[in-house]
Amino acid sequence: MNTAGSRRSRSISKLSFVHVRLKRDLTHLLCAALIALGYCAAPGPGWSAQGGKAEALRIRLERGRSSATVFGVLRGDAQREYVLQARRGQSLTIQLTATPPRSLRLTARGSDGAELPLRAETRVRWSATLPEDGDYELAVARVGPARGSSRYRVTVTLH
């Protein structure tokens, strides 16, 4: 009987080990899925445990197209940065649609970090003639109450 009890104890011990390992693997799988969906931060470039700035997402215009659209949701006092490559003399037009209306602010900066003067065409559409070749950063930030969220669509057009 001592042998049977010993075997049973080893079987239970193996099951406990398998359960812990399975639970750990499922946790890793869930976290990977959430990272892929953008619901949590992944360690790496642009990630900081101290609330540092996230890496900007690059907007790429498809070959033969003059515009691209990005969508997102910002919660709390969050901000999202995008980067767009453009040439000197191009006309940049940005359209920002937000729900709820007027809950977001848009800023544009050149590769030198200086704010790009945008001309307001309407409440949701701005334009500028670009002064140099390079990357331009667009930032969309919530200006509403700390609680809540804002959905947005940004369309960028280059001519």
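Let's start with a hairpin: strands β6 and β7 form one, with 2 residues between them. This is a predicted model, so it helps to keep confidence in mind as we go.

**The hairpin and its partner**

Strand β6 covers residues 119-122 and pairs with β7 in the antiparallel sense over 3 bridges. On its other flank, β7 (residues 125-129) pairs with β4 (residues 91-99), again in the antiparallel sense, this time over 5 bridges. Which residues of β7 stand opposite which partners? The table collects several of these bridges, and one of its entries, S127, turns up in two of the rows.

| Residue | Bridge partner in β7 |
|---|---|
| R119 | S127 |
| A120 | W126 |
| T122 | R125 |
| T93 | S127 |

S127 thus appears opposite R119 and also opposite T93.

**The sheet around it**

Where does the hairpin sit in the wider sheet? The order of this open sheet of 5 strands is β2-β9-β4-β7-β6, and its pairing is antiparallel. Its edges are formed by β2 (67-75) and β6, each of which pairs on one side only. On average, neighbouring strands of the sheet are turned by 25 degrees against each other, with direction ignored.

**The whole chain**

Stepping back, the protein has 1 helix and 9 strands. Read along the sequence, the pattern is α-β-β-β-β-β-β-β-β-β. How far apart in sequence are the residues that touch? Taking contacts between residues at least 6 apart in sequence, 76% of them join residues at least 24 apart.

Of the 159 residues, 25% count as buried. The accessible surface comes to about 11400 Å², and carbon and sulfur atoms account for 53% of that.

**The core**

In soluble globular proteins, nonpolar side chains tend to be buried together. Here, the largest nonpolar core has 25 residues, and those with the most contacts inside it are I59, L92, L96, V140, Y152 and V154. Which strands contribute to this core? At least two residues each come from β2, β3 (79-86), β4, β5 (104-109), β7, β8 (134-142) and β9 (149-158).

V140 makes a nice place to look around. Leaving aside neighbours within four places in sequence, V140 is in contact with L96, Y152 and V154, among others. Its list of contacts also includes L74, A78, Q79, R80 and Y82, as well as L104, R105 and L106.

**How far to trust it**

The mean pLDDT of the protein is 79, and 67% of its residues reach 70 or more. Over residues 15-24 the pLDDT is below 50, and this stretch has 0 contacts in the model beyond near neighbours in sequence. Residues 26-51 also have pLDDT below 50, but that stretch has 12 contacts beyond near neighbours in sequence. Where pLDDT is low, the predicted coordinates should not be read in detail.

Conventions:
Residues numbered from 1 in each chain as written. Predicted model: local features only at pLDDT ≥ 70, side-chain atom pairs only at ≥ 80, totals over all residues. Heavy atoms only, no water. Pairing = 2+ DSSP bridges. Helix = DSSP H or I, 4+ residues; strand = E, 2+ residues; numbered from the N terminus. Axes fitted to C-alpha atoms, helices over the stretch in contact; angles between N-to-C directions. Buried < 20%, exposed > 50% of the residue type's maximum accessible area, 1.4 Å probe, protein only. Contact = heavy atoms within 4.5 Å. Areas by Shrake-Rupley, 256 points an atom, 1.4 Å probe, with all protein chains shown as cover. pLDDT = per-residue confidence, 0-100. Core = buried A, V, L, I, M, F, W, Y, C linked by side-chain atoms within 4.5 Å.
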